[in-house]
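Colleague: Could you take me closely through one part of this model, the surroundings of the ligand, and give the cut-offs as you go?

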Amino acid sequence: MIQTPYYLIDKSKLQINMEKIARLRELSGAKALLALKCFATWGVFDFMADYMDGTTSSSLNEVRLGRERFGKETHAYSVAYADHEIDEVVSHADKIIFNSISQLTRFSDQSSGIIRGLRLNPGVSSSTFDLADPARPFSRLGEWDLKKVEPVMEMISGFMIHNNCENGDFALFDRMLGDIEQKFGPLLKKAEWVSLGGGIHFTGADYPLEQFAERLKRFSGEYDVQVYLEPGEASITKSTTLEVTVLDTLYNGKNLAIVDSSIEAHMLDLLIYRESAKIEPNTGGHRTMICGKSCLAGDIFGEFDFPAEVKIGDRISVQDAAGYTMVKKNWFNGVQMPSIAIRELDGSIRTVREFDYADFEHSLS
Ligand SMILES: Cc1ncc(COP(=O)(O)O)c(C=O)c1O
């Protein structure tokens with residue numbers, strides 16, 4: 001038995017997403033790049049690289065990781081690059097997408113040897129959460145004024161537009177793509193490639209993959225562009241669990257169980273977006289609040305129904321622990337960092353990374 005806490009990536013579950021991505025590529029002609037901001041656990045990159053076209057990034061570190069560990073096509077994007085980073089970024093990338101005209105012109109010499117693009121902001125998104133809404137008022141994410149973009153068209157050959165956010169609604173995607181075409185049609189006509197970003201939940205069980213593929217193919221034909229997608233969450237959804245052990249139980253009006261992990265340290269996004277963790281099957285007569293072991297009063301995974309009383313020593317699997325989770329883990333309270341384990345297709349499990357006191361110590365000085 002592997003010592004908890006650990007993240008467990010199940011390749012057979014990952015493969016379900018990968019096969020859908022491969023099918024979409026085949027049906028639509030679109031290319032799919034893994035968004036490293038969501039998932040950068042490179043121990044499974046060799047496996048994923050058979051189904052995807054490459055990676056996209058949000059920083060120098062990510063573009064380097066994509067180039068070195070994933071290979072294939074490597075896109076660089078960042079909200080802003082620093083002067084001392086740009087040469088190295090360019091050295092790792094096949095394409096660089098600038099967030100603003102200001103960055104594009106500032107780094108025009110250094111980036112002249114590779115394909116360049118610009119991020120556009122269509123001013124509409126599928127996000128209902130202000131914090132994650134790229135089209136929020138005064139958004140810094142991309143250019144929106146056609147008149148300003150036209151004069152720099154000779155410096156770029158394509159665009160990136162990311163305005164979907166956990167969007168499982170194909171009709172909404174379709175409508176928003178229509179908005180983009182209306183707004184930026186003249187620019188799209190001059191482009192050779194367009195990345196439609198991430199945030200589209202096309203690997204979900206009920207998503208109409210064929211309709212989606214047809215819409216992408218039509219878009220590609222209409223503007224004569226190579227379409228890219230940048231799936232993060234859609235690539236790894238439901239592939240990974242966080243395995244924890246119950247360290248203590250209390251009753252304070254509710255049954256409480258404290259586990260050897262922390263939502264603040266190991267599943268931070270749930271805290272940021274005020275969501276409950278998922279535990280399956282979540283049925284039974286023993287309702288228990290699962291709590292983290294950090295000092296934060298609200299370090300709570302959620303309340304779940306268990307088939308039997310939760311006891312010290314019980315193991316619990318927290319579902320869906322890959323996206324925006326492993327990339328955000330931190331050493332808050334010095335809580336033991338979860339190891340990383342991979343369940344191979346033959347069912348065998350191997351631990352690929354363990355963290356110890358030296359990692360904690362070296363994370364600061
Ligand atoms: C530019 C860009 N591409 C891709 C993604 C990946 O999105 P998701 O993980 O929701 O698919 C994001 C997420 O914020 C993004 O900002």
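Modeller: What follows is a walk around the ligand and its contacts.

This is a predicted model, in which local features need pLDDT of at least 70 and side-chain atom pairs count only at pLDDT 80 or more, while totals for chains, interfaces and linings use all residues. Residues are numbered from 1 along each chain as its sequence is written, and side-chain values use heavy atoms, with hydrogens and water left out.

The shell around the ligand, taking as near any residue with a heavy atom within 4 Å of it, consists of Ala 35, Lys 37, Cys 38, Met 160, His 162, Gly 198, Gly 199, Glu 230, Pro 231, Gly 232, Glu 233 and Tyr 324. These shell residues divide into 5 nonpolar, 4 polar and 3 charged, where Ala, Val, Leu, Ile, Met, Phe, Trp, Tyr, Cys and Pro count as nonpolar, Asp, Glu, Lys and Arg as charged, and the others, Gly among them, as polar.

Several of these residues place N or O atoms within 3.5 Å of N or O atoms of the ligand, the cut-off for a polar contact. Glu 230 brings a polar side-chain atom to 2.6 Å from a ligand nitrogen, and Tyr 324 does so with a polar side-chain atom 2.6 Å from a ligand oxygen, whereas Glu 233 uses a polar backbone atom, 2.9 Å from an oxygen atom of the ligand. Taken alone, the ligand exposes 400 Å², of which the protein buries 86%, with accessible areas from the Shrake-Rupley method with a 1.4 Å probe.

Notes:
A polar contact is a pair of N or O atoms within 3.5 Å; within protein, one must be able to donate a hydrogen and the other to accept it, and residues adjacent in sequence count only if both atoms are side-chain atoms.
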